[in-house]
Amino acid sequence: MGKLRLTMAQALVKFLDNQYLSADGKEHKFVKGIFAIFGHGNVLGLGQALEQDSGELRVWQGRNEQGMAHVATGFARQSLRRQIIACTSSVGPGAANMLTAAATATANRIPLLLLPGDVFASRQPDPVLQQIEQSHDLSISTNDAFRAVSKYWDRITRPEQLMSACLNAMRVLTDAAETGAVTLSLPQDVQGEAWDYPESFFARRVHRLDRRPPSATQLADGVAAIQASRKPLIVCGGGVKYAQAGQALAQFADRYGIPFAETQAGKGAVSSDHALNLGGVGETGSLAANLLAKEADLIIGIGTRFSDFTTSSKWIFQHPQVRFLNINVSNFDAWKLEGIQLLADAREGVTALENALASGGWQAGWGSQIAAVQQQQQQETRRVYQAVWHENGFIPEIDDHLPRESVYREFRQLTDSTLTQSSVLGVLNESLAADAVIVAAAGSLPGDLQRVWRNRAVNTYHVEYGFSCMGYEVNAALGVRLAQPATEVYALVGDGSFMMLHSELVTSLQEGAKINVLLFDNMANGCINNLQLEHGMDSFGTEFRFRCAENGQLQGGLVPVDFAAIAAGYGCQTWRVTTLPQLKQALEAARHSPVSTLIDIKVLPKTMVHKYGSWWNVGVAQTALSERIRKVAEQINQKRAQARDW
């Protein structure tokens with residue numbers, strides 16, 4: 001067996017360039033390339049290796065370590081976890097910047113390979129520049145913080161350790177059940193150390209994404225549970241999308257008359273116009289799904305982790321004998337809610353259930369209820385899409401008794417806009433191409449989208465809500481565009497999230513990878529402002545206001561920002577819109593723009609879509625001077641008593 005004398009970093013690059021994934025008979029490179037921000041902790045090691053011979057790996061230049069890792073997460077997610085982009089940073093603050101992105105990937109079960117530089121293994125120059133010294137443990141570095149947010153973590157302190165570390169990294173990155181962020185910490189001296197690696201380490205490796213079938217006993221349990229039910233409801237999770245099981249789910253639902261609802265990750269696995277698709281379920285659920293969820297006697301969760309928003313803090317499924325049948329590749333998720341476990345790939349599990357039920361003549365007993373709630377949903381969607389401001393300041397389509405008049409008046413004086421958020425979404429839903437991909441993550445937009453957005457094509461709804469990470473939107477949109485270069489991509493982002501992080505907008509211009517940013521500016525962290533007001537508080541630290549000289553509080557005027565000017569400074573084509581006709585014109589112009597665009601949309605605060613019969617268990621003060629807060633606490637406690645404990 002031959003040997004190749006390479007540095008650890010050179011060996012790592014060569015190894016990554018020879019990894020392939022086989023799924024459903026199709027084989028392709030697993031690692032498309034590496035996003036890099038170079039510093040002293042990686043430029044002379046991994047940077048030198050990439051300069052010398054990067055093989056077929058493309059190297060992108062990031063602007064912010066968190067931003068570039070969000071790009072990689074968005075890319076892997078849109079690629080249905082079948083291809084990844086790795087990310088490298090220097091030691092210290094560069095590495096720490098990637099922590100948020102690592103947590104985002106792990107929470108969403110998305111493969112993300114992080115290659116941060118690390119302090120010297122030899123410790124000769126300790127403390128090296130950007131090193132944190134822990135007097136009780138000299139082995140700790142910034143990178144140890146990744147342990148809590150990684151599915152696999154390793155530190156390569158000798159060049160030969162690279163081999164076992166890389167194999168374990170690939171094991172996790174290609175595991176449908178256990179994937180997430182993988183962190184390989186690379187001490188900067190070891191990156192440059194040479195070692196005689198066996199040539200076999202660099203052989204073409206094909207990792208197989210096999211589809212796990214259900215066991216006969218678990219399948220029998222699942223069939224028995226369905227046959228014993230009268231009104232089952234399917235919850236379509238992200239596992240359906242990643243397993244490309246949407247068609248199988250729709251066929252199963254059609255055959256047995258079972259309606260299905262969607263999680264944020266599962267939305268878009270089946271188009272919204274399917275007769276049995278009820279839309280989002282739970283705290284940000286649609287009217288149709290939440291009405292039937294309360295009556296369902298069996299919840300068939302397919303590829304979902306049952307987050308608190310999906311279950312409305314374990315409250316939305318209110319049938320006294322409700323049971324749960326959990327189809328999942330993850331044993332951890334299959335056990336949730338004391339469910340009946342069917343451990344299997346989503347497509348294999350659904351297909352097996354469909355075939356096993358075929359001979360029994362069983363049908364769901366919803367009758368005309370499905371069509372009735374679908375009609376209600378369509379009427380409600382039209383209603384909120386048509387919500388407009390009236391001269392008296394009253395918007396009947398979204399009136400939920402929140403205090404609006406004074407902030408409306410102030411906002412109009414600053415912007416001359418009376419646009420409502422829900423009417424803007426209506427125009428977008430009608431105007432964007434059917435195959436355009438929308439990207440969102442935080443604030444009020446994900447809730448509005450799950451409640452009323454209708455997908456006309458599969459895999460066009462890309463909303464990160466496992467971590468609800470502010471700053472994901474713009475950066476992940478670039479990842480989507482890299483995954484689908486011919487597709488128009490729209491990042492729907494609030495002003496708060498845009499200001500949090502939009503670094504890779506510049507990278508999109510550098511790469512000629514056009515993205516479109518639809519920025520909703522309401523001069524607030526709007527969804528949290530609503531949360532305060534709904535729970536008895538006044539606005540406190542959530543509207544963007546100047547500090548008041550009289551009392552020293554953030555109670556002065558609203559802080560206006562010209563976001564179009566910011567993006568124009570980068571080189572984007574931009575528009576500022578305050579009316580629906582202006583929005584339509586800007587959208588048409590953006591379609592024809594050869595470069596990335598930003599539409600600065602001034603939307604009245606507190607004009608998002610209200611919720612539909614849901615509840616969310618948030619921490620409310622159990623004692624307070626405010627009578628309103630005390631009353632809300634009583635109501636919360638009443639709802640909590642109706643919810644499942646575990």
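Which residues of β7 point one way and which the other way? In this predicted model, Leu112, Leu114, Pro116 and Asp118 lie on one side of the strand, while Leu113, Leu115 and Gly117 point the other way. Whichever way they point, all of these residues are buried. That is seven of the seven residues in β7 (residues 112-118), so the strand is largely enclosed by the rest of the structure.

Let's look at the strands that pair with β7. Strand β6 (residues 84-89) runs parallel to β7 and is joined to it by three bridges. Strand β9 (residues 181-187) also pairs with β7 in the parallel sense, here over five bridges. The table gives one bridge for each pairing.

| Strand pair | Residue | Bridge partner |
|---|---|---|
| β6 and β7 | Thr88 | Leu115 in β7 |
| β7 and β9 | Gly117 | Leu186 in β9 |

Now to the helices, beginning with α21 (504-511). Its buried residues are Glu504, Leu505, Thr507 and Ser508. Viewed down the axis of α21, these buried residues fall within an arc of 155°, so they line one face of the helix. What do they pack against? Their partners are β4 (31-36), β5 (58-61), α3 (65-78), α19 (472-483), β21 and α23. Following α21 comes Gly512, with a positive phi near 65°.

Helix α23 (residues 563-570) is one of those partners, and its own buried residues are Phe563, Ala564 and Ala567. They cover an arc of only 100° around the axis, which puts them on the same side of α23. The buried residues of α23 pack against α20 (495-500), α21, β21 (516-521), β22 (573-577) and β23 (597-602). At the start of this helix, Asp562 brings a side-chain oxygen to within 3.3 Å of the backbone nitrogen of Ala564. Just after α23 comes Gly571, which takes a positive phi of about 120°.

A last stop is a pair of packed helices. Two packed helices are described by the angle between their axes and the distance between the axes. For α17 (residues 421-431) and α24 (residues 580-592), the angle is about 35° and the axes are 11 Å apart. Is the crossing left-handed or right-handed? α17 passes α24 in a right-handed crossing. On the α17 side, the residues in contact are Ser423, Val424, Val427, Leu428 and Ser431. They meet Leu580, Leu583, Lys584, Leu587 and Arg591 of α24.

How values were computed. Residues numbered from 1 in each chain as written. Predicted model: local features only at pLDDT ≥ 70, side-chain atom pairs only at ≥ 80, totals over all residues. Heavy atoms only, no water. Buried < 20%, exposed > 50% of the residue type's maximum accessible area, 1.4 Å probe, protein only. Helix = DSSP H or I, 4+ residues; strand = E, 2+ residues; numbered from the N terminus. Arc of directions from axis to C-beta. Contact = heavy atoms within 4.5 Å. Polar contact = N/O pair within 3.5 Å; in protein donor to acceptor, adjacent residues only side chain to side chain. Pairing = 2+ DSSP bridges. Axes fitted to C-alpha atoms, helices over the stretch in contact; angles between N-to-C directions. Left-handed = near helix turned anticlockwise from the far one by under 90°.
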